[in-house]
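Reader: I should like a close look at one part of this assembly, namely chain A. Please describe its fold, its surface and its charges in one connected account, and add whatever backbone detail elsewhere deserves attention.

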Amino acid sequence: MFLALDLTGVFAFALNGALTALRVTRIDIVGVVTLAMFTALGGGMVRDILLGAVPPATFVDWRYLAVAALGGLVAFVFGRHLQQLSRPILALDAAGLSLFAVTGALKGLDFGMGVVQATILGAVTAVGGGTLRDVLVREVPAVLSSGLYAVPALLGGLLVAGLVEGGLAVLPAALAGAVACFTLRMVGVRFDLHAPVPRSVLRPRP
Amino acid sequence: MFLALDLTGVFAFALNGALTALRVTRIDIVGVVTLAMFTALGGGMVRDILLGAVPPATFVDWRYLAVAALGGLVAFVFGRHLQQLSRPILALDAAGLSLFAVTGALKGLDFGMGVVQATILGAVTAVGGGTLRDVLVREVPAVLSSGLYAVPALLGGLLVAGLVEGGLAVLPAALAGAVACFTLRMVGVRFDLHAPVPRSVLRPRP
Amino acid sequence: MFLALDLTGVFAFALNGALTALRVTRIDIVGVVTLAMFTALGGGMVRDILLGAVPPATFVDWRYLAVAALGGLVAFVFGRHLQQLSRPILALDAAGLSLFAVTGALKGLDFGMGVVQATILGAVTAVGGGTLRDVLVREVPAVLSSGLYAVPALLGGLLVAGLVEGGLAVLPAALAGAVACFTLRMVGVRFDLHAPVPRSVLRPRP
């Protein structure tokens, strides 16, 4: 059950990464699948490297690799049609975000991190893959420019880590964190919410 | 005392990273704080990952996280005024560079590295955060284009590692390394010094 | 013998990285050498971090550092003349690619990885340094845009890992993998082959 959810998140992120790749010109099937795997597995790898849990779980377990590669291939073949389904894919992406924020925070607690560190690890897991993707295709990472991507992940991670530290069982805490993250993300998308921006942008570097 | 100096460096780098973020358009408070934390803590994290000292110290100790986030928030709120203080901030940045070069090299020695490796680790600590920052906002990293950023860090790291290996006590060696790094950096800024550049730039790729 | 081959690969990749640096304007000697070292040693470092084999071998052994720095210096001094030798350098680069794919896959097997993971580790070793190089100088990584760079590395890694798992001795397996990778890479360059590209590039993001 847990594994199935986790793999769903991986698949969603792989689709997302591959669809981004298809927007970049001069990219071939290897590039599409590579970008899909980076997006889907990158956040978990960075989390595991920071925790010292190497080799990363997503790398050792072949099912993660297979599902991520499958997501990339599906997007490569059906790219044009998937583009039409932007709303379901957005929801799938929000589900992946929620799941990764929660599992990342829980893994942080398992390794003896405090609540703050576990929350950050959750956000790193959720946002890291997309950040690697954006760096590779030379876009400013979404985490820097659209606040309601990182904020739901931080909220979800904080909820689950705080509740578990406060004595709640893991399952309801994880559910609460994931639902909060998913809801805030979808509300943010629906109403185009943003975190506060600076009152004035500074003058660019000379 | 040592911790206070280290946290001062973190604060300086966080300010620096956040001020860079403010120059990038379409960036919100989450992006500013994220970039501040990357800049302030990234170098130390890369150093600790290379040493196998995970989870990284700057991640486990909440004071590092708090000071880095605080630096980002201060820059977000007072960005316009801080822009005027470019000279003191430059000096603070050089102080952070010196401190990180020295502590990075010392940590390398602690983990049994040779002088050359410790020197490089010092430079990685000092320059790594800024390099991550530049990659995230899509600038060519300063370490590639302005030589007198990496050179002082290498000099400071080499001095402290060489002196400690040569038998000097840690405190005077650290002081010598930090002063040398700080001085060379400030002299370089004052007189706009550069490392040698290629005699002719090659023709760009087709 | 093995070490000599490995260092040849490091030297080839360092030349390659430094020649890329020379194409970027406003880059000094520190930048050239830094980019050479990233290109030559980055893939192996990422591999070792993923395997938990830290500190990375290429970092601890001073010969790797020295050969990589030497490659960067040679390119800095003789850049203009090397530019004429693009064909031998391309062959040297393909040799480095083959060697790293094979040694990376073998190291993965040594650490108990399966054939798929070992193959990916080989490709990461072979392609990782060049990807870091491209990110630092703000180009779309070659691994995303030119498929016959990653494909030969995957083929070489798969051959050596599969043959060794199947019971063949290491030396002939490594030879088979390296020759296959080198041949496919050179054939790809000669005939300008590409992996399949998407039938239609999607419309860019709004």
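Author: In what follows on charge, Lys and Arg count as positive and Asp and Glu as negative, while His and the chain ends are not counted. The place of a charge is taken as NZ of Lys, CZ of Arg, CG of Asp or CD of Glu. On that basis, chain A carries 14 positive and 10 negative charges, and the mean positions of these two sets are 11 Å apart. The model from which this value is computed is a predicted one.

The fold of chain A can be described next. Its secondary structure consists of 9 helices and 0 strands, so that the order of elements from the N terminus reads α-α-α-α-α-α-α-α-α. The radius of gyration of chain A is 17 Å, close to the 17 Å given by the globule rule for 206 residues, and chain A is therefore as compact as a globular protein of that length. Along the principal axes, the C-alpha trace of chain A extends over about 50 × 50 × 35 Å.

Contacts and burial add to this description. Among the contacts in chain A that link residues at least 6 apart in sequence, 74% are between residues at least 24 apart. Of the 206 residues, 56% count as buried. The area that chain A exposes is about 8,600 Å², and 69% of it is supplied by carbon and sulfur atoms.

An annotation may be set beside the helices. The unreviewed UniProt entry lists residues 6-22, 29-50, 62-78, 90-109, 115-136, 143-164 and 170-193 of chain A under "transmembrane region". Two of these spans can be compared with the model. Residues 6-22 of chain A are 100% helix and 0% strand, with end C-alpha atoms 25 Å apart. Residues 62-78 of chain A are likewise 100% helix and 0% strand, and there the end C-alpha atoms lie 24 Å apart.

The backbone detail lies in the other chains. Most residues other than glycine have a negative phi. B:Arg138, although not a glycine, has a positive phi of about 60 degrees. This residue sits in the loop between helix H6 (115-136) and helix H7 (142-145) of chain B, and B:Arg138 is partly exposed, at a relative accessible area of 40%. In chain C, C:Arg138 also has a positive phi of about 60 degrees without being a glycine. Its place is the loop that separates helix H6 (115-136) from helix H7 (142-145) of chain C, and C:Arg138 is partly exposed, with a relative accessible area of 39%.

Methods. Residues numbered from 1 in each chain as written. Chains lettered and ligands numbered in written order. Predicted model: local features only at pLDDT ≥ 70, side-chain atom pairs only at ≥ 80, totals over all residues. Heavy atoms only, no water. Helix = DSSP H or I, 4+ residues; strand = E, 2+ residues; numbered from the N terminus. Rg over C-alpha atoms; globule rule 2.2 N^0.38 Å. Buried < 20%, exposed > 50% of the residue type's maximum accessible area, 1.4 Å probe, protein only. Contact = heavy atoms within 4.5 Å. Areas by Shrake-Rupley, 256 points an atom, 1.4 Å probe, with all protein chains shown as cover. UniProt positions renumbered as here; feature names shortened; annotations may be inferred.
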